[in-house]
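Student: I keep meeting labels such as buried, exposed and salt bridge. How does a tutor justify them?

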Amino acid sequence: MFKKNEKPRLLIVDDEEDIRELLSRHYRFKGYNVLTACNGLDALEVMNNERVEVVISDILMPEMDGVELLHKLRLDYPTVHVIIMTGYITMENLLAALRYGADTCIFKPITNFDEMDESVEHAIQHLKVWQKKLRELQSLKGGDQ
Amino acid sequence: MSAVTYDIDPELLREFLDDAIDNLTPIEESLLSLEHDPENMDLINKVFRPFHSLKGNAPFFGLMKVKKLAHKVETILDRLRKHELTVDKSIVKILISAVDLLHSMLKSVRDGATELEDPEKYKSIIDDLEISEAKPLAEPPDTLSKVLQKLVELETIVDTDKRVYVKEIINLINAENSGVISHNEQPDPLKKILEIVGKDGLPEVTDEQANIIKERLKQLKKLASSPKVKAIIKDIWDSYMTIFPKIGFDQILVELIREKFNSETILSEVWKTDKIPPKIDEAAPGKIEKTPSIEEIDKQPIEEEPVELPVKKESVMTDNSDKTMRVSEVKIDGFLDYVGELLVVQEMFRFFGKSVTRSNIERAQILEFRRILDTFDSLSDNMRKSILSIRSLPIKRVFQKLPRIVRDIADKTNKKVNVEIQGEELLIDKSYVEILDAPLVHIIRNSIDHGIEPAENRLTSGKSEEGTVVVRAEIVESNIVVTIQDDGAGINFDAVREKAIENGLIEVGEPLTEAKLVDLLFESGVSTAKEITDISGRGVGMDVVRENIEIFGGTISISSERGLGTKSIISLPRNVTTQIVDGFIVSVNNESYVLPMSAVIESFSPSDAEISTVTGKGTIVKRHDSLQTLVSIPALLMGIKDTGAPDNCILVSVDVKGESYAFAVDKLLGVNKVVVKPVDDILFHNHFFGGAAITGDGKIAMVLDLDKMIEDVHSDTSEV
């Protein structure tokens, strides 16, 4: 069921099409599988059907904003990583993002991708470490030889 | 820049799936139990948790469909938890079919297929779950209030007081059902306290008000449902009792009360209501009971469950988180062998440790070695104990059937017998359960058949009409000892002797010690029952019984007193399979032997004056004012007559059947735990040896069977 050497999967959530395009292109070029959604609700639909490693989401969106999405993700997809991006945010919102376990927050306008790239890489790395740990546990237990 | 990849490790996935599949099995059982026990919160929570984690973990492994299904189930379970939905047959049914589907989906993926091998089934179950989710809140039981209403209207309630109370109950129930009295309403005591304390400033609290607060706090304690709130109230109570007597109603107290009683926890607490006037007998103060059984009314009792009864301790699922595993016996038995070997290794280490100590290694390293050895020792000990405990069963298993057997035989033979069982909780290795079975039954049968006399005979000889058989299990030193004692007629040795002569086992006129007579009992063919009854008359049996016990290193002995009764004692070593013995290791003629430590009294070096040879008795050693017969092991083994004490020997005093003997040895090698391995078929003198042991230096030392050796000594001397 699972093929080897799969590309890691990102979900870009933003109500602005330009941003979605920009980010998708950038990350597809870097070798990631990219899905997009235009708001929180939409994003949850996608999450419902596809495995996603990292979500990069805007805060201010109609229907369901980024913080609410983040909250919902924490409930239903506790292992997914979330990177918040935002142009405008109150301290309260940022704190909420922190509380709900966002990896980090990237401020718009995004002139340089370095910070975001690094965060995405960290996220993937983190998941890999956990897989490694889970495998290690197996070998500690001796496995079923 | 190399391409970034992220895969789910297939082995990890398999492991996860195996786990998840395993976790589903107990859930099915729990769901079935839930059907019969719908209010059981424990069960609901138990089922909720695995779905909650499955829902969270599935996406990590890319199992989105599984996640969705688990999510739907979790939602329903959550609603059940919060009493937003009630458990009924149809919900349980849909839950079970969801669990089934989940099970097959997980299996599917595990077998390499996709999650959704049957998309239609998936869709239909998801739909069903969604429908169940949306069930309206259960109807409040208004049958109760209807019945009560009828009661009030009936003329049978003559006592108008009672009628008033019943009416109040009806009102309350109705109000509660229609939500007029919300559960979250602050109880009066709380309101009162807050009133007195006020919102800010330092209120003037009179003594009377302080007392009111104190009383109210007490009441609140009873009305609180959750432990958190109880703790808060206790806090305040404690502070109150500390501060108030000394300083009075201080600002601190005021602030404390304000703060705590305005907290989220208190505000959201669901208080028990205490509005029923305490005079109604059936309603316990402080709680609303939905089933006040009104005794004076001859109506059918109301069937509904009271709302706040204490949680039933007898939950159907009693295993909680006591997971069990099925393991083949062979695997566990295998462990025991290793344990035995481990002990030998321990000894090897110890032996090595000695040479390490003597060598030129630094002291620190020696200490380190010792430390490691100690750790190894205790680990190995613990391991042995754990493994043995896995195999232990209470001896009750064997004893259980005895009373029944006693009753049956007693009935058949028209005797009155009472059985007393002692020590049935003793834990024994399970192999012993099988070994002890036949002997116990056999002995008990003998007891009743031959031992206990018929009731009239007993009365004539001044005994109680009812005979008693006592079966006792206990631990003596490192043995499990089972004693069966009856107060019957004792063994008729004369009859035994005759029968033995009849069978050609002994010569007429042969002098027989009691020991020998008892031995005869164990010989096949020596039953003195006048007729061979189907119970125990065949005369075959005791010999097999003894054989079986001895194979396991145990002993069986019988003693009897004419007219008083018979006592049979079965002794089995505590350690099964591997016999581990504390051994006193000696060297004689460069051969190592093991003397059981339990028999060794002391060792000493004889001065010539203490030894003397007496004709007919061999060589005697005088020690501590007692005379001990000298035993020379090589002499015995080679069958040559005792040649007196060798020069420069060391003597080891040994107790055998109450008498002391002095064994002559060349060297003392030490005291160690040794593992005794049985020896079969050694051609010569093997009855002197109880087995062979491997000592720390890897050599073999024969374990001496002292009883047998001493027998030989005596038979030797009697020939002189």
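Tutor: We will take the labels one at a time and set each value against its cut-off. Keep in mind that this is a predicted model.

Student: Let us start with chain A. What makes up its fold?

Tutor: Chain A has five helices and five strands. From the N terminus on, they run β-α-β-α-β-α-β-α-β-α. Of its 145 residues, 47% count as buried. Its accessible surface comes to about 8000 Å², and 53% of that belongs to carbon and sulfur atoms.

Student: And what does chain B contain?

Tutor: Chain B has 23 helices and 18 strands. It has 720 residues, of which 41% count as buried. It exposes about 40600 Å², with 51% supplied by carbon and sulfur atoms. Take its contacts between residues at least 6 apart in sequence: 65% join residues at least 24 apart.

Student: Why is A:Asp18 called exposed?

Tutor: Its relative accessible area is 61%. Exposed means over 50%, so A:Asp18 earns the label. The residue is found in helix α1 of chain A, residues 17-29.

Student: What makes the patch with A:Asp18 negative?

Tutor: Its members are A:Asp15, A:Glu16, A:Glu17, A:Asp18 and A:Glu21. Asp and Glu count as negative, so the patch is a negative one.

Student: What makes the patch of A:Met91, A:Leu95 and A:Leu98 nonpolar?

Tutor: Met and Leu are on the list of nonpolar side chains, so these three residues qualify. Together they have about 350 Å² of accessible area. A:Met91 lies in helix α4, residues 91-99 of chain A. Its relative accessible area is 66%, over the 50% cut-off, so A:Met91 is exposed.

Student: How do you know that A:Arg51 forms a salt bridge with A:Glu53?

Tutor: Their closest N and O atoms are 2.8 Å apart. The limit is 4 Å, so the pair passes. Both residues are buried.

Student: How do you know that A:Arg135 forms a salt bridge with B:Asp9?

Tutor: Here the closest N and O atoms are 3.5 Å apart. That is within 4 Å, so this pair passes too. A:Arg135 lies in helix α5 of chain A, and B:Asp9 in the segment before α1 of chain B, so the pair joins two chains.

Student: Why is B:Asp9 called buried?

Tutor: B:Asp9 has 18% relative accessibility. Buried means under 20%, so the label fits. A:Arg135 is at 32%, between the 20% and 50% cut-offs, so it counts as partly exposed.

Student: How do you know that B:Glu453 forms a salt bridge with B:Arg458?

Tutor: The closest N and O atoms are 2.9 Å apart. The limit of 4 Å is met, so the bridge counts. B:Glu453 and B:Arg458 are buried. They are also linked with B:Lys463 and B:Asp487 in a network of salt bridges.

Student: How many salt bridges does a search of the whole structure find?

Tutor: It finds 24 over all chains.

Student: What makes A:Glu63 worth a second look at its phi?

Tutor: Phi is positive, about 70°, although A:Glu63 is not a glycine. Most residues other than glycine have a negative phi. A:Glu63 is found in the loop between β3 and α3 of chain A. At 64% relative accessibility, over the 50% cut-off, A:Glu63 counts as exposed.

Student: Which value does phi take at B:Asn589?

Tutor: It is near 50°, again a positive value in a residue other than glycine. B:Asn589 lies in the loop between β8 and β9 of chain B. Its relative accessible area is 48%, between 20% and 50%, so B:Asn589 is partly exposed.

Student: What kind of peptide bond joins A:Lys108 and A:Pro109?

Tutor: A cis one, with omega at about -5°. Most peptide bonds are trans. A:Pro109 lies in the loop between β5 and α5 of chain A.

Student: Last one. Why does B:Asn648 count as exposed?

Tutor: It has 75% relative accessibility, over the 50% cut-off, so it counts as exposed. B:Asn648 sits in the loop between α22 and β14 of chain B. B:Ser607 is 41 residues away from B:Asn648 in sequence, and the C-alpha atoms are 9.5 Å apart.

Methods: Residues are numbered from 1 along each chain as its sequence is written. Chains are lettered from A and ligands numbered from 1 in the order in which they are written. This is a predicted model: local features need pLDDT of at least 70, side-chain atom pairs count only at pLDDT 80 or more; totals for chains, interfaces and linings use all residues. Side-chain values use heavy atoms; hydrogens and water are left out. Patches are made of residues with over 30% relative accessible area and no salt bridge: like charges are joined within 9 Å, nonpolar side chains (Val, Leu, Ile, Met, Phe, Trp, Tyr) within 5 Å. Accessible areas come from the Shrake-Rupley method with a 1.4 Å probe; for residues, only the protein chains shown count as cover. The place of a charge is taken as NZ of Lys, CZ of Arg, CG of Asp or CD of Glu. Helices (H or I, at least four residues) and strands (E, at least two) are DSSP runs, numbered from the N terminus. Buried means under 20% relative accessible area, exposed over 50%, partly exposed in between (1.4 Å probe, protein chains only). Contact means heavy atoms within 4.5 Å.
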